[in-house]
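Reader: I'd like a close look at one part of this model, taken slowly and with the cut-offs spelled out. Here is what I have on screen.

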Amino acid sequence: MRSTLSSVAAVLVTALLLAFLVVSPRPVQGQDAELITIQVSPSTLLLKASQGGRVTVHADIPFSVVVKDSVKLNGVPAVSVFPDDCGNLVGKFNEVLIKKDLAPPSADLTLTGMTKDGDPFIGIDNVQVINRRVEPGSVQKATDQNLTER
């Protein structure tokens with residue numbers, strides 16, 4: 001009887017251990033990344049109009065700690081990176097490449113990169129996305145219309 005209880009207990013412990021391993025959370029890419037605050041400009045992207053050729057991102061991470069070639073926005077490498085007046089990272093990205101996979105009414109843009117110490121960082125900003133040509137100065141009107149068309 002004692003041998004049977006030991007066998008049952010061993011089977012239960014093994015089953016619980018296997019269940020824990022199967023359902024335990026798995027590491028997610030970027031899970032250990034430092035979360036930074038970013039601001040994307042322009043904050044409204046017009047898919048059928050040029051807005052100067054570049055999308056600019058200001059980040060709250062010191063430029064001096066960033067590996068310049070690692071900076072990407074939605075997987076698109078930066079055209080240029082430099083410090084702002086406070087010494088924080090600014091990245092410029094090709095507008096056409098950033099816009100190509102976006103759809104109205106909004107999109108999360110994700111900035112990723114590495115520090116010189118090998119630590120990843122990530123920042124996310126949500127922007128409005130409008131799928132038509134808009135006359136200069138009427139972005140707010142188009143944004144309001146885009147919200148009512150949903």
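In what order do the four strands of the open sheet come, and with what pairing?

Author: Ground rules first. This is a predicted model, so local features are given only where pLDDT is at least 70 and side-chain atom pairs only at pLDDT 80 or more, while totals for chains, interfaces and linings use all residues. Numbering runs from 1 along each chain as its sequence is written, and side-chain values use heavy atoms, with hydrogens and water left out.

Now your sheet. The open sheet has the strand order 2-4-8-7, with antiparallel pairing. Strands here are DSSP runs of E with at least two residues, helices are runs of H or I with at least four, and both are numbered from the N terminus. Two strands pair if DSSP finds at least two bridges between them. Strand 2 (38-41) and strand 7 are the edges: each has a single partner strand, so one side of each is left without a neighbour in the sheet. From one strand to the next, the twist averages 20 degrees, using axes that are lines fitted to C-alpha atoms (for helices, over the stretch in contact) and angles from 0 to 180 degrees between N-to-C directions.

Let's walk across the sheet from the strand 2 edge. Strand 2 and strand 4 run antiparallel and are joined by four bridges. One landmark there is Ile38, whose bridge partner in strand 4 is Ala59. Next step over, strand 4 (residues 54-62) is tied to strand 8 by six bridges, again antiparallel. You can pick out that pairing from two spots: Arg54 stands opposite Asn94 in strand 8, and Pro62 stands opposite Asn88 in strand 8. As background for reading such a ladder, side chains in a regular strand alternate between the two faces of the sheet.

The last step is a hairpin. Strand 7 (residues 80-83) and strand 8 (residues 88-94) run antiparallel with four bridges between them, and Ser80 has Lys92 as its bridge partner in strand 8. Four residues sit between the two strands of this hairpin, and Gly87 takes a positive phi near 90 degrees there.

While you're in the backbone angles, there are a few other spots to check. Just where strand 2 gives way to the loop before strand 3 (44-46), which holds Pro42, the peptide bond between Ser41 and Pro42 is cis, with omega about 0 degrees. A second cis bond runs from Pro104 to Pro105, with omega near 5 degrees; Pro105 belongs to the loop between helix 2 (95-99) and strand 9 (106-114). Then there's Asn74, which is not a glycine yet has a positive phi, near 50 degrees. Asn74 sits in the loop between strand 5 (72-73) and strand 6 (76-77). With 38% relative accessibility, Asn74 counts as partly exposed, on a scale where buried is under 20% relative accessible area, exposed is over 50% and partly exposed is in between (1.4 Å probe, protein chains only).

Past strand 8 you come to helix 2, and to the charges. The count is two salt bridges, where a salt bridge is a side-chain nitrogen of Lys or Arg within 4 Å of a carboxyl oxygen of Asp or Glu. Lys99 and Glu95 form one of them, at 2.4 Å from N to O. They lie four residues apart in helix 2, about one turn of the helix, and both are buried. The other links Asp101 and Lys100, at 3.9 Å from N to O. Here Asp101 is exposed at 64% relative accessible area, and Lys100 is exposed too, at 59%.

One more stop: Gly113, in strand 9. Gly113 is buried, at 7% relative accessible area. Beyond its neighbours within four places in sequence, Gly113 is in contact (heavy atoms within 4.5 Å) with Ser70, Val71, Asp119, Pro120 and Phe121.

Zooming out, the chain has three helices and ten strands, and 29% of its 150 residues are buried. Of the contacts with a separation of 6 or more, 57% are between residues 24 or more positions apart.
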